[in-house]
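Subject: Handing over the structure

Hi there,

Here is the structure I promised to pass on to you. Have a look around it first, and then read on for my notes.

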Amino acid sequence: MIYQECLKEYIVHLKNRKYSNNELRRKKTILQKWYPLSLILFLPESATLIKEMTMPVFYYRDRVYSNAAARRIRAVQDMIKYLHKETWLNLNIFIEIYKEKYLKNQKDGDRSLRAILDFFRGAGFFIRIESITEKLYQESIRFLTNLKIKNRFGGIQSFMIFCYEQGWLNFNPHKEKKDIYSRALEYDFLGEGVWMDYLRKYISYLRNERNLSPGGIDYRIKKLKILCKYFNLKQISSPSTESLKEFIESKRASGTKNITLAKDVYEAKYFFNYLIKEKILKENPAINIKIKDRFYSQGEILTEKEIIRVIELFEDIIYKTSRFKTAEKMKEYFRAVRDKLIFVLFVYTGLRSSEAGNIKLSDIDSDKKTISVKCKGNREVTNNYRDIYIDEYLWQDLQRYLKIRNYPSQEYLFINWDGSALRNSALNPIIKTIISTSGIKKKISPHRLRASCCSLYIKKGIDPISLKTIMGHKSLITTIDKYAFLTEEELREIWKKTNPLKGVCDDET
């Protein structure tokens, strides 16, 4: 299909999604005025396409036409004659040379250039969609970026995704998820110096031998970078306990709390152990430094009543927005259905943010009603999965979301309204917003929902081994020590249910 036909179908698609006239006008501007121009300028075969055109066509005010003023047609015909003289890699290079050599000295050169650009736009409407490659797509985006065209990328990407969904485009334009931790893993992030070189080796160790995830590596490296920068600045080649204490005191003087310093020392111990293993250091200067026996702080969790309150709020929003058919209300309905599923998934299954955010459609098994989740760690190296079993309530929420989730070619389960993958980092503000809206005065993140899930399982009387499996923990200590938060009254109730002498001993209080 040619570009013009695809664009017409896309506009119908947007109208069916109840976009307002103003929104349609904005999207049309970029897709009618600028994108066809950028495509024709960089399409390798565009020069041949232009040479073969017997009648010039022009784009102007939302339409393509050929009955232009004589001077405009003459300007295009002169340009085509010049185009025939040589072979050109692309029209972008040609037009720059043509402006400089020919139009610059013409009295009406500016008007001729406008006519030529309108002609290029019109020609762009006859490009076949299947001829657009990923390289051409990226080149056109860079061109429009340099021109500082507003609202350029989002509208173009949505159009290209629509074409791909219809089977007209030969590459997948869905943007890959950005790894928010990739910057810390880039070589130039650390800078220069002996200790930074040690850190680079440590990154390789954490990645390839410890199989840590990018997030885990990022956390450690950002802490250790400050320490290594200090050692480079002080020209310390073999740190002692005293020099490490001086570093700690300098951070404390700048306002760093003990809980943060304890974590810094904790990471430094592992780093120094690695350097000893590599025979760079002889002893660990952090081994006898102890700021706090236990720096893990117990966060807040939701009660069962609070979870029900949030779910009821979601259902109320879903009910109210489902009755309206404007684009804005449809977006609101979509987000409410999606966000409720995310919330319930965290509460029911105890997934980590990274696990939930990386679920793909292919991970869902409709027959077994399970979701296959890739476990914590460096996903490029490890290949460990665990199956999450979905009960009927959660399954219904999942099916409701899938019914309104367009873009079947988008591999990730959770997406935005425009079809782009929902970034893992977006999950935290989603949860915080709904908790705040529900009137709950607690600091709740996806990880606190994981802790809430764990504690609720304990309250219901689940055995620790089963809970460890559900939570995806390697250690039972982690399950019990960090997640199973129970009050004295709750512990007493569980004891009543599970007391092995129940019925034998009458006094259970």
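How many nonpolar, polar and charged residues are there, by class, in the lining of the largest cavity? The lining has 7 nonpolar residues, 2 charged ones and no polar ones. Before going further, please keep in mind that this is a predicted model.

Cavities

There are 2 cavities of 30 Å³ or more. The largest encloses about 70 Å³ of space, and its lining is made up of Lys223, Leu224, Leu227, Leu244, Phe247, Ile248, Asp264, Val265 and Ala268. Helix H11 (214–234), helix H12 (241–253) and H13 each contribute at least two residues to that lining.

The second largest cavity has a volume of about 30 Å³. Around it you will find Leu341, Leu345, Ile371, Ile390, Leu394, Leu398, Leu413 and Phe414. Two or more of the lining residues come from H15, and likewise from helix H17 (392–404). By class, this lining has 8 nonpolar residues, with no polar and no charged ones.

A pocket and two cysteines

The second largest pocket has a volume of about 470 Å³. It is lined by 18 residues, and those closest to its centre are Val347, Tyr348, Thr349, Cys453 and Tyr457. Helix H14 (304–321), helix H15 (327–349), strand S5 (385–389) and helix H19 (446–459) are the elements giving two or more residues to this lining, and H14 gives the most, with 4 residues. The lining of this pocket divides into 13 nonpolar, 1 polar and 4 charged residues.

Cys453, one of the residues closest to the centre of that pocket, is worth a second look. Why does Cys453 not bond with Cys454? The sulfur of Cys454 is the closest cysteine sulfur to that of Cys453, but at 6.9 Å it is too far for a bond. Both residues are buried: Cys453 has a relative accessibility of 1%, and Cys454 has 0%. The structure as a whole holds 0 disulfides.

Aromatic rings

The count of aromatic pairs comes to 31. In one of them, the rings of Tyr3 and Tyr35 have their centres 6.1 Å apart and their planes at 55 degrees, so the pair is tilted. This pair links distant parts of the chain, with Tyr3 in helix H1 (residues 3–16) and Tyr35 in helix H2 (residues 21–42), 32 residues apart. Both Tyr3 and Tyr35 are buried.

The pair of Tyr266 and Tyr270 is edge-to-face, because the planes of their rings stand at 65 degrees, with the centres 5.3 Å apart. These two residues are 4 residues apart in helix H13 (residues 258–277), so about one helical turn separates Tyr266 from Tyr270. Tyr266 counts as partly exposed, at 40% relative accessibility, and Tyr270 is also partly exposed, with a relative accessible area of 41%.

Ring pairs also build a cluster out of Trp195, Tyr198, Tyr202, Tyr205, Tyr230, Phe231, Phe247, Phe271, Phe272 and Tyr274. You have met Phe247 already, in the lining of the largest cavity.

Charges over rings

Finally, two lysines to look for. The charged end of Lys225 sits over the ring of Phe189, 4.0 Å from the ring's centre. Lys329 lies over the face of Phe324, at 5.6 Å from the centre of the ring.

Enjoy exploring, and write back with any questions.

Best wishes

Conventions: Residues are numbered from 1 along each chain as its sequence is written. This is a predicted model: local features need pLDDT of at least 70, side-chain atom pairs count only at pLDDT 80 or more; totals for chains, interfaces and linings use all residues. Side-chain values use heavy atoms; hydrogens and water are left out. Rings of Phe, Tyr and Trp (its six-membered ring) pair if their centres lie within 6.5 Å; planes under 30 degrees apart count as stacked, over 60 as edge-to-face and the rest as tilted. Buried means under 20% relative accessible area, exposed over 50%, partly exposed in between (1.4 Å probe, protein chains only). A charge sits over a ring if NZ of Lys or CZ of Arg is within 6 Å of the ring centre and within 35 degrees of the ring normal. A disulfide is a pair of cysteine sulfur atoms within 2.5 Å. On a 1 Å grid over the protein atoms alone, a cavity is a set of points where a 1.4 Å probe fits but cannot get out, and a pocket is an open set with protein on both sides within 12 Å along at least five of seven lines; lining residues have an atom within 4 Å of a point. Grid points are joined across faces, edges and corners, and a volume is the space filled by probe spheres set on the points. Ala, Val, Leu, Ile, Met, Phe, Trp, Tyr, Cys and Pro count as nonpolar, Asp, Glu, Lys and Arg as charged, and the others, Gly among them, as polar.
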